[in-house]
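User: Please take a close look at one part of this model and place it in the rest of the chain. Start from a single position and work outwards.

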Amino acid sequence: MKNSLSLGRVAGIQIFVHWTFLILIGWIVYINLKQGMSAIDILWSVLFILTLFACVTFHELGHALAAKRYHIITRNITLLPIGGLAQLESIPEKPKEELVVAFAGPLVNIIIAAVLFVIIQPNPEMIQSMDLSKLSHHNFLLSLMVVNIWLAVFNLIPAFPMDGGRVFRALLSFKFERHVATRIAASVGQLVAIAFIFIGFFYNPFLVFIGIFIFLGAQAEAQFAEAKSLLKGFTVADAMMREFPTLKPTDTIDHSSDLLLASQNRNFIVVDESGVAGTLSRDEIIKALREGKGSHPVSDAMSREFLKLESSHSLEETWTKMQTTRKTAAPVFSGTELVGMMDTENVAEFLMISEARKK
Ligand SMILES: [Zn+2]
């Protein structure tokens, strides 16, 4: 991920921390200073946040390692000020697998809390006198336990994009078809979101924020599932473009921008004697022009890492792969022969046509 610092690898998964994380630390120090806290108190707060984010990392690793059991690769884990994000290559479709992968994250927090509970053996008095704004060695582990319980509960809210939304859909999927299960889970999620926004207006503005986040997440998930159900049963060959422009690596960027204007195409396949050398998108052309590279060859601007699609493969899986790898275009092969091209625009058209036909 861009603007992120690598912290190293755990079980083959790269862990990144986004630079905005520094803002969070800076903000905590600033707030604490403003409240006139001593250096040692501030140190405890910062240490607490770092430990908390270690727990968030373990939570994400829980998802990643559970996914690994089902041969799903996690590209990386990024820590953002709002939490962690594990980028899985795909989301498991079988209800049992989705259930296990989604639940694995919150389960890690429950385990951490349970271990801390055994270590500190808290009594009710201890919990009552807990003060999160004044951390010290007296209440550090207790606070960590409480926050882990809170993380598990929060993540299990039955609404997308929370883990609980996925757990809920997986449970529904045992009974309903996947896109129906998604629609039900998304609707329930949106009701929860509206309740959050409503309650938030009276009690806590932070809830309004979370509510909006959940509402949009549920909507995106429902649309994604709906689109996937429309693509079901088709192959790449059904939707691909059979006529598409190609470029040579030695063609100039200026030439590619002429083609961009002269045709409907936004993406080009770059082909040399030995086959496909890369793909070139409109954004890449514009970027190269901005950098004054008009007279440079397209090989300077193209992406060499592209997806190789197979014309007989399932359209649904291929589209999901394009979405998760964020590729806007890819060449399509039949065996070793280049037979077509797919881009997001052309899948969008296919979706519109399928939807119209269905009605
Ligand atoms: Zn999670």
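Analyst: G275 counts as exposed because it has 11 C-beta neighbours inside 10 Å. The cut-offs, with C-beta atoms placed from the backbone, are 20 or more others within 10 Å for buried, 12 or fewer for exposed, and partly exposed in between. This is a predicted model: local features need pLDDT of at least 70, side-chain atom pairs count only at pLDDT 80 or more, and totals for chains, interfaces and linings use all residues. Residues are numbered from 1 along each chain as its sequence is written.

G275 sits in strand β7 (residues 275-281). Strands are DSSP runs of E, at least two residues; helices are runs of H or I, at least four; both are numbered from the N terminus. The C-alpha of G275 lies 8.1 Å from that of L338, 63 residues away along the chain.

Now the sheet. It is open, has 3 strands in the order β5-β6-β7, and its pairing is mixed. Its edges are β5 (246-247) and β7, each paired on one side only. Pairing here requires at least two DSSP bridges between two strands. In general, strands of a sheet pair through backbone hydrogen bonds, either parallel or antiparallel. β5 and β6 (residues 267-272) run parallel and are joined by 2 bridges. L247 has V270 of β6 as its bridge partner.

V270 leads to a core. It belongs to a second, separate core of 28 residues, which also includes L231, A288 and V298. A nonpolar core is a set of buried Ala, Val, Leu, Ile, Met, Phe, Trp, Tyr and Cys residues joined through C-beta atoms within 7 Å.

L231 in turn leads to helix α8, where it is one of the buried residues. α8 spans residues 205-231, 27 in number. It reaches 40 Å from first to last C-alpha, close to the expected 39 Å, where the expected span is 1.5 Å times one less than the number of residues. Other buried residues of α8 include I210, F215, E221 and K228. The buried residues pack against α7 (178-202), α12 (315-324) and α13 (344-358). Just after α8, G233 takes a positive phi of about 85°.

α8 also contributes to the largest nonpolar core. That core has 46 residues, and I214 and A218 are among the members that touch the most others, as are A159, V167 and A193. The largest share, 9 residues, comes from α3. Domain 1 (1-156) and domain 2 (158-231) each supply at least three residues of this core. V167 touches L99, A102, F103 and L156, leaving out residues up to four places away in sequence.

Domain 3 (236-358) completes the division; the bounds come from an automatic or database domain assignment. The C-alpha centres of domain 2 and domain 3 are 33 Å apart. Between them, 4 residues of domain 2 are in contact with 7 of domain 3, contact being C-beta atoms, placed from the backbone, within 7 Å. The touching side of domain 2 has 3 nonpolar, no polar and 1 charged residue. Here Ala, Val, Leu, Ile, Met, Phe, Trp, Tyr, Cys and Pro count as nonpolar, Asp, Glu, Lys and Arg as charged, and the others, Gly among them, as polar.

Last, the whole chain. It has 13 helices and 10 strands. Of its 359 residues, 31% are buried.

Terms used
Two residues are in contact if their C-beta atoms, placed from the backbone, lie within 7 Å.
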